[in-house]
Amino acid sequence: MQPYQIITAITFCTIDIGRRIGESRRRIVGAATFTGHVDGDHVAFTLDASVLQASDPNDRLLRWLDDRFAGDRTTIAGYRLGDTCHLLETMEMAPWSAGVRALKGGDGRMRIDIAARKRGGGGLGFGAACAGAGMPVSQSGETEHFTAWCTGRPGAILQTLETDVISTWRLAMLGVACRSSLGGEVNTIIEGHLATWLRDACFPAARLHLASIEQSRA
C-alpha cells in the first residue's frame, strides 16, 4: 500500500421501514468508513460512522458522504458496492452528491467492489464471505436495527457498522494480497499494525477483530 493508495472501506445499514404496513420501503439508516494509510513506517487507521434517527432526512447521510469523500482520492472498497449505489440513487438529492458520485466511480477514482463467490458459481452473502475468511460479522438482525432506529438508540446499528466495515476493509486487503506473494507479505505486516490499533481501541468490534487476527496467527 503506497501513500497515494489509501483504501477506505464503506458499509451501510439498511432496514425496511414499510414492513409493518406490508409495503417494502428499504432505507439506508447508517453508514461507516474505515481507512488505512501508510505514514512512513506507521500504518494509521480511522473509523467513522453516521446513524440517522427516524426524524432525520436522507440528506443528512448524503452530506456525511460528501464530507467523507469530496476531494478525497482514496481507493473505495465495498461489498457489492453497486447494489448499495442503486439504493443511494433513490434519494432526492443524490444527483448532486459528490459522495454518491465517488461511490459510483464517477469521479475517476479506483474502486474495489468485493463480490465473493461460491465454489462452482453463485454469489456469497457478506456474512458467508466473512465466515469463509475467518472474520467477524455483526450478529444484530433487522429487527434490532429497526427498533434502534425507531427509538433513537443507535447502539445496535453502530456495532453492526463498526464490525462490518472493518471486515470489509480486511476483505479488500485480502483480495489485494492474493494477487502476488509480495502482496501477501505486505498484508501480514499491515494486519500486525491493525492488531496494535485494535488493542488500543475500546469498542466491541475491536475486540472481535483482534481475536480473529490472533486466532489466525495461532
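Two strands count as paired if DSSP finds at least two bridges between them, and the views below use the word in this sense.

**View 1. The whole protein, a predicted model, combines helices and strands.** This structure is a predicted model, and its secondary structure comes to 8 helices and 5 strands. Following the chain along its sequence, the reader meets these elements in the pattern β-β-β-α-β-α-α-β-α-α-α-α-α. Of the 218 residues, 43% count as buried, while the accessible surface of the protein comes to about 11,100 Å², with 51% of that area belonging to carbon and sulfur atoms. Among the contacts whose separation is 6 or more, 67% are between residues that lie 24 or more positions apart.

**View 2. The five strands form one open sheet.** The sheet has the strand order 3-2-1-4-5, and its pairing is mixed. Its edge strands are strand 3, residues 42-51, and strand 5, residues 111-114, each of which pairs on one side only. From one strand to the next, the twist averages 20°. As a general point, strands of a sheet pair through backbone hydrogen bonds, and they do so either parallel or antiparallel.

**View 3. Strand 1 is paired with strand 2 and with strand 4.** Strand 1 spans residues 7-16, and because 9 of its 10 residues are buried, this strand is largely enclosed by the rest of the structure. With strand 2, strand 1 pairs in the antiparallel sense over 10 bridges, and here aspartate 16 stands opposite arginine 26 in strand 2. With strand 4, strand 1 pairs in the parallel sense over 3 bridges, and threonine 8 has isoleucine 76 of strand 4 as its bridge partner.

**View 4. Strand 2 is also joined to the edge strand 3.** Strand 2, which covers residues 26-39, runs antiparallel to strand 3, and 10 bridges join the two. One of the positions to look for is alanine 31, whose bridge partner in strand 3 is serine 50. When following the side chains in this view, it may help to recall that in a regular strand they alternate between the two faces of the sheet.

**View 5. Helix 6 lies across the strands of the sheet.** Helix 6, made of residues 155-177, lies across strand 1, strand 2, strand 3, strand 4 and strand 5. The helix runs at about 140° to strand 1, the strand that is largely enclosed by the rest of the structure. Strand 4, residues 75-79, is one of the strands that helix 6 lies across, and strand 4 also pairs with strand 1 in the parallel sense.

Technical notes
Residues are numbered from 1 along each chain as its sequence is written. This is a predicted model: local features need pLDDT of at least 70, side-chain atom pairs count only at pLDDT 80 or more; totals for chains, interfaces and linings use all residues. Side-chain values use heavy atoms; hydrogens and water are left out. Helices (H or I, at least four residues) and strands (E, at least two) are DSSP runs, numbered from the N terminus. Buried means under 20% relative accessible area, exposed over 50%, partly exposed in between (1.4 Å probe, protein chains only). Contact means heavy atoms within 4.5 Å. Accessible areas come from the Shrake-Rupley method with a 1.4 Å probe; for residues, only the protein chains shown count as cover. Axes are lines fitted to C-alpha atoms, for helices over the stretch in contact, and angles run from 0 to 180 degrees between N-to-C directions.
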